[in-house]
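Reader: I've got the sequence and the fold up on my screen. Could you walk me through them?

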Amino acid sequence: MKFKQEDVKFDGYGLVPAIVQDANTSEVLMLAYMNGESLRRTLETAETWFWSRSRAALWHKGATSGHIQRVVDIKLDCDRDALLVSVVPAGPACHTGARTCFQDQAEGLEGRAESLADTESLNNSTSLGELLDELYALIKRRRAERPKGSYTTYLFNEGLDKILAKVEEEAAETVVAGKSETDQRLIEETSDLIYHLTVLLVERGVTLAQIRDELAMRQGEQDTK
């Protein structure tokens, strides 16, 4: 369904939020605002124009930096008060020089929400051992392929020190959950810890078979005592 400019519901200041998204990767690049004139120019030129609330002026993205955004598509949301602008960027979207303005992660969510997103393709295995094998294989693929937007990719790109810091953090949170929180919280924190431990094993090149062999040897030693 097509929309016309008059279909857009501008707010009391005559503005509408515009979420700018990379047309190729679907990565959210920035949030800006458009008024009627900037939307008209965007539609006419197929390049993004916005209204600067701080300067109270129109601005053409990339006019001075050269980092223009070629518009591929614009969608209007169901309430008709927000725009989703798909673009092909010619450079960074953020004034800091970063590709996207959305870089900082909410504290406390990175270990859970993003690791869940990275492991959502795991099959419903019949045993914990099979699930761990699938998890290890998935994380190993992430290390090799480094897909954008993946939390596992982020960990591998940051390096061993970051991975170790996350293992330490998740271990501490598991201890707290084990001492004073619900069984469900303990399950969640243990799952986070296992995920980050698996990332560490892959980074160091240690296999689950080696862990299994060590545990089997220890069990054999205990049985002889």
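Author: Sure. Two strands count as paired if DSSP finds at least two bridges between them. Bear in mind that this is a predicted model.

Reader: Which residue in E2 is the bridge partner of Ala-18?

Author: Start with strand E1, residues 16-22, which runs antiparallel to E2. Six bridges join E1 to E2. For Ala-18, the bridge partner in E2 is Ala-32.

Reader: In what order do the four strands of the open sheet come?

Author: The sheet is open and its pairing is mixed. From one strand to the next, the twist averages 25°. Reading across the four strands, the order is E2-E1-E6-E5.

Reader: Why is one side of E2 and of E5 left without a neighbour in the sheet?

Author: E2 and strand E5 (69-76) each have a single partner strand, so one side of each has no neighbour in the sheet. In other words, both stand at the edges.

Reader: Which strand gives the most to the lining of the second largest pocket?

Author: Strands E2 (28-34), E3 (49-52) and E4 (57-60) each supply at least two residues of that lining. The top contributor gives four residues, and that strand is E2.

Reader: How many charged residues are in the lining of the second largest pocket?

Author: The pocket holds about 500 Å³ of space and is lined by 23 residues. Met-30, Trp-59, Lys-61, Ala-93 and His-95 lie nearest its centre. By class, the lining has eleven nonpolar and nine polar residues, and the charged ones number three.

Notes. Residues are numbered from 1 along each chain as its sequence is written. This is a predicted model: local features need pLDDT of at least 70, side-chain atom pairs count only at pLDDT 80 or more; totals for chains, interfaces and linings use all residues. Side-chain values use heavy atoms; hydrogens and water are left out. On a 1 Å grid over the protein atoms alone, a cavity is a set of points where a 1.4 Å probe fits but cannot get out, and a pocket is an open set with protein on both sides within 12 Å along at least five of seven lines; lining residues have an atom within 4 Å of a point. Grid points are joined across faces, edges and corners, and a volume is the space filled by probe spheres set on the points. Ala, Val, Leu, Ile, Met, Phe, Trp, Tyr, Cys and Pro count as nonpolar, Asp, Glu, Lys and Arg as charged, and the others, Gly among them, as polar. Axes are lines fitted to C-alpha atoms, for helices over the stretch in contact, and angles run from 0 to 180 degrees between N-to-C directions.
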